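Visitor: I would like to learn how to read a few features of a protein model. Could you take me through them slowly?

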Amino acid sequence: MRELVFATNNQHKVEEVQNKLDGLCKIHTLKEYGCTDDIPEDHDTLEGNASQKSHYLHDKYGCDCFSDDTGLEVEALDGEPGVYSARYAGESKNPEANMQKLLKKLAGHENRRARFRTIISLILNGKEYFFEGIVNGEILTEKHGNEGFGYDPIFRPDGFDRSFAELSMNDKNKISHRGRAVEKLFDFLKKQ
Ligand code: IMP
């Protein structure tokens, strides 16, 4: 079976992605691969960051690998927090503080439309490929649910009356930004 290194140590992401790619390839995390580096991601676009992480791994280890970068883009805030989603409320990358900052900034706004956008960069046999996944929805006025991570408790995807944090991992995976980007990755890998 094909082996790919996923440039993350976020266990939630690994489970979501492994679940989608099961049977097609085995995913290794950075830790499993013996990489404890704090991989830089200092570009100002999702594409730039995803590519930077994949190239870092490929240059150092020569392995087939992929990276993802995700941003929550809020319409009324001109796409904020976007590429800065993880650090929105500061370098501690605290999800609770990030959500509170966003809720505060959106207070009084009628337009609560938002979308999650994921870019995956894959380096396979030395060549780079990109895959995009988007899910549209809205920002709730308060937190709901305990599943998932990040902004999940305050994001309600279109077509659902619950937040991402109230959906099972399987249900989230079927419609999420990352799920959709990984489906494209899956279709591509199947053809290789
Ligand atoms: P990353 O660059 O893919 O790690 O994503 C940046 C930030 O976006 C994360 O630190 C989370 O705050 C947020 N994020 C990414 N994916 C999700 C998700 O599936 N649900 C909620 N928040 C997410």
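Guide: We will look at a pocket and then at two residues. The model is predicted, with residues numbered from 1 along each chain as its sequence is written, and side-chain values use heavy atoms, without hydrogens and water. Local features need pLDDT of at least 70 and side-chain atom pairs 80 or more, while totals for chains, interfaces and linings use all residues.

Visitor: How much space lies in the largest pocket?

Guide: Rolling a probe the size of a water molecule over the atoms shows where empty space is left. Here the largest pocket holds about 1000 Å³. A pocket is an open set of points on a 1 Å grid where a 1.4 Å probe fits, with protein on both sides within 12 Å along at least five of seven lines. The volume is the space filled by probe spheres set on joined points.

Visitor: What lines the largest pocket?

Guide: Its lining has 38 residues (each with an atom within 4 Å of a point), and Asn10, Lys13, Glu41, Ala86 and Lys93 lie nearest the centre. The largest share, 5 residues, comes from strand S3, a DSSP run of E with at least two residues (helices are H or I, at least four).

Visitor: Is Arg112 buried or exposed?

Guide: Arg112 is buried, meaning under 20% relative accessible area, with exposed over 50% and partly exposed in between (1.4 Å probe, protein chains only). Arg112 has no salt bridge, which needs a Lys or Arg side-chain nitrogen within 4 Å of an Asp or Glu carboxyl oxygen. Its side chain reaches the backbone oxygen of Ile139 at 2.7 Å and that of Leu140 at 3.0 Å.

Visitor: Why does Glu166 count as partly exposed?

Guide: Because its relative accessibility is 34%.

Definitions and conventions. Lys and Arg count as positive and Asp and Glu as negative; His and the chain ends are not counted. A polar contact is a pair of N or O atoms within 3.5 Å; within protein, one must be able to donate a hydrogen and the other to accept it, and residues adjacent in sequence count only if both atoms are side-chain atoms.
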